[in-house]
Amino acid sequence: MTILSSQEQQTTWSQKLAAGLKAWRFGSVLSVFLLVVGVLGWRLVDLQVVDNTFLRKQGDVRTIRVETIDAHRGVIADRYGEPLAVSTPVQTIWANPSEMDPDEPRLANLARLLDLREATLRQRIRDYASREFIYLRRKVQPELADDVKALEISGIYSRQEYRRYYPAGEVTAHIVGFTNIDEKGQEGMELAYNQWLSGESGRKRVLKDNRGRVIKDLTLIQDARHGHDLTLSIDLRLQYLAYRELKAVVTAHKARGGTLVMLDVDTGEVLAMVNQGSYNPNDRSQLAPENLRNKAITDVFEPGSTMKPIAMAAALESGKYVVNTTIDTSPGYRRFGRFTIRDHRNYGVLSLTDIIVKSSNVGISRIATEIGGDVIQNLYARVGIGQPTGIGFPGEAVGVLPSPPKWRPVEEATLSYGYGLSVNALQLAQAYMVLANGGIRYPVSLIRLDEKPVGERVLSEKVSSDIRSMLEAVVVRGTGKRARPGFYSAGGKTGTVHLVGKHGYEDDEYKSIFAGMAPIDNPRIVTVVAVDAPQSGEYYGGEVAAPVFARVMGNALRLLNVEPELEVGAKASVSEKPSGTRG
């Protein structure tokens, strides 16, 4: 029997203890491992089978997005449905800088496609590395967006938007106006009816992959509401015609600019309204701020002799004068203190019709001082001079119609022949509309009317008929001979006024005006033509503005299927030279 020493016994005990501890540690670690595996296994089962809401929510957070559904802006059309402003689908290129490498070689090709500087593009990506969205190029053609996508650069995306396009370009620019890049109206009817034309964007939930591409539409949150369409009163055929003729006369006479307004006599609808200079709303790279104004509405001027027929109407309405009344205009001028009013020459005794035909300042001023300034001013206001037209166009200028407590004789005189007051071209056209339709003042409208509006009688049929006869005589044998529109009769009045400069009236700058109507026996259209500062040597209204009226009215009546008056050609022949009076 072997007996171990105490030292050997102690060593054996230590070995057994170490082995026991090792086994215990192994068992403990194994137990903990099995426990963890069991817990994880249970959690996986719990998440995947028993309660999978958490994982689904986390997955949704990473893959489901709320996308905007763009609403397109309403169409603006002419009275026959021809589009004047439409929204076309385009693509916007954007980037997520947090997903991009500024040193990506293909960025050079991207910069070339988007017409960007490569160095600037790379620097933007570095500067906005912490962001998830920046615009690279707004509203490009879909073909260009396809070329960008073909580069397959990480972090580059596109989305559909809408871009405003104007088919008639500068021809309708001053009426229609334009929008900014976000399709918010900035000028013209786009601005005036912005709320009506604007749509309301919708929203939807979509499923996207890790590159931001839409895999599936999930639910519709709110449907997009597209903007309402807007139908204008203008006739695009007449608008093109008016634009062409006005541009031609401004170019031919080297004028500073011009305006033309055409109204429907029986409704007050604007059939055409053009200005020179103009601009192309589809290309604003050369946009000049001074060309943005619709001068037919926003700019005022002294109407000159075009007011004489209305002053004459006030005289007839007063009962103190009849058509056959004669006025002695000798010696061809009148003095009011330091002011002198002159005719082109001494016309002697003139009938009321001849005062209008020869545009006699002396004759109409004698009538004005007889009936008084209040009588003339009252009729001017009733036909719309110095009053808002109610057209609802941004920036409308009302003009000035003087109403002093006591009229001085010189003020009555100048009021009768259109100095000392100011109007816009639309107001002047509205006033002549009253003369044309038998004395009814209708509110003017740039929106097509489905039924005839309610008008206000402001002048008797008899007086308006007498004035139309005088206006016809102006075209047949007076200062407006060049205004005769081919095979149609017409009536109107010329006007030539000094333009106002920094130091008062300019001696060598004029505005040439013609306001008239046709056919004269049953007027259908009223047109006002005004040309600013013609420089070709001719500047009288009968020389510059009247021929434009003739061409525009003749073609417009033909386009509107108004039957020609063949007997016009049989009327007494008239010279193409104006009579030489300044009116």
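A residue counts as buried when its relative accessible area is under 20%. That cut-off is needed at several stops of this tour, which runs through a predicted model.

**Whole chain**

Start with the full protein chain, coloured by secondary structure: it has 18 helices and 19 strands. Of its 583 residues, 50% count as buried. Among contacts between residues at least 6 apart in sequence, 72% join residues at least 24 apart.

**Glutamine 239**

Select helix H9, residues 236–252, and then glutamine 239 within it. Is this side chain's residue buried or exposed? Glutamine 239 has a relative accessible area of 0%, so it is buried. Now show what surrounds glutamine 239, leaving aside neighbours within four places in sequence. Val171, Thr172 and Ile175 are in contact with it, as is Ile234. The run Leu271, Ala272, Met273 and Val274 completes the list of contacts of glutamine 239.

**Tyrosine 165**

Move to strand E5, residues 156–165, where tyrosine 165 is found. Its relative accessibility is 42%, so tyrosine 165 counts as partly exposed. Beyond four places in sequence, tyrosine 165 is in contact with Leu84, Ala85, Val86 and Asn282. For a distance to check in the viewer, pick the C-alpha atoms of tyrosine 165 and proline 281: they are 8.1 Å apart, although 116 residues separate the two along the chain.

**The nonpolar cores**

Which residues have the most contacts inside the largest nonpolar core? They are Ile367 and Tyr380, in a core of 128 residues. Helix H16, residues 425–436, supplies the largest share of this core, with 10 residues. Another core, of 19 residues, lies apart from it; select Met100, Ala111, Val140 and Ala145, which are among its members.

Return to isoleucine 367 and display its contacts, not counting residues up to four places away in sequence. Isoleucine 367 touches Met312, Ala315 and Tyr321, and also Ile327, Leu352 and Ile355.

**Leucine 428**

Within helix H16, select leucine 428. With 0% relative accessibility, leucine 428 counts as buried. Not counting residues up to four places away in sequence, leucine 428 touches Phe301, Thr306, Met307, Val423, Ile513, Ala515 and Val528. The C-alpha atom of leucine 428 is separated by 9.0 Å from that of valine 383, which is 45 residues away along the chain.

**Helices H14 and H15**

Select residues 373–382 for helix H14 and residues 409–416 for helix H15. The two pack at an angle of about 35 degrees, with axes 9 Å apart, and H14 passes H15 in a left-handed crossing. On the H14 side the contact is made by Gly373, Ile376, Gln377 and Tyr380; on the H15 side, by Glu412, Leu415 and Ser416. These contact residues divide into 3 nonpolar, 3 polar and 1 charged. Tyr380 was met above as one of the residues with the most contacts inside the largest nonpolar core.

**Helices H11 and H17**

The last stop is the pair H11, residues 308–318, and H17, residues 461–477. How are the two helices arranged? Their axes are 10 Å apart and the packing angle is about 140 degrees, so H11 and H17 are oblique to each other. H11 passes H17 in a right-handed crossing. Show Pro309, Met312, Ala313, Leu316 and Glu317 in H11, which meet Val463, Asp466, Ile467, Met470 and Leu471 in H17. Counted by type, the residues of this contact are 8 nonpolar, no polar and 2 charged. Met312 of H11 is also one of the residues that isoleucine 367 touches.

Technical notes. Residues numbered from 1 in each chain as written. Predicted model: local features only at pLDDT ≥ 70, side-chain atom pairs only at ≥ 80, totals over all residues. Heavy atoms only, no water. Axes fitted to C-alpha atoms, helices over the stretch in contact; angles between N-to-C directions. Helix = DSSP H or I, 4+ residues; strand = E, 2+ residues; numbered from the N terminus. Parallel < 35°, antiparallel > 145°, perpendicular 65-115°, else oblique. Left-handed = near helix turned anticlockwise from the far one by under 90°. Contact = heavy atoms within 4.5 Å. Nonpolar A, V, L, I, M, F, W, Y, C, P; charged D, E, K, R; others polar. Buried < 20%, exposed > 50% of the residue type's maximum accessible area, 1.4 Å probe, protein only. Core = buried A, V, L, I, M, F, W, Y, C linked by side-chain atoms within 4.5 Å.
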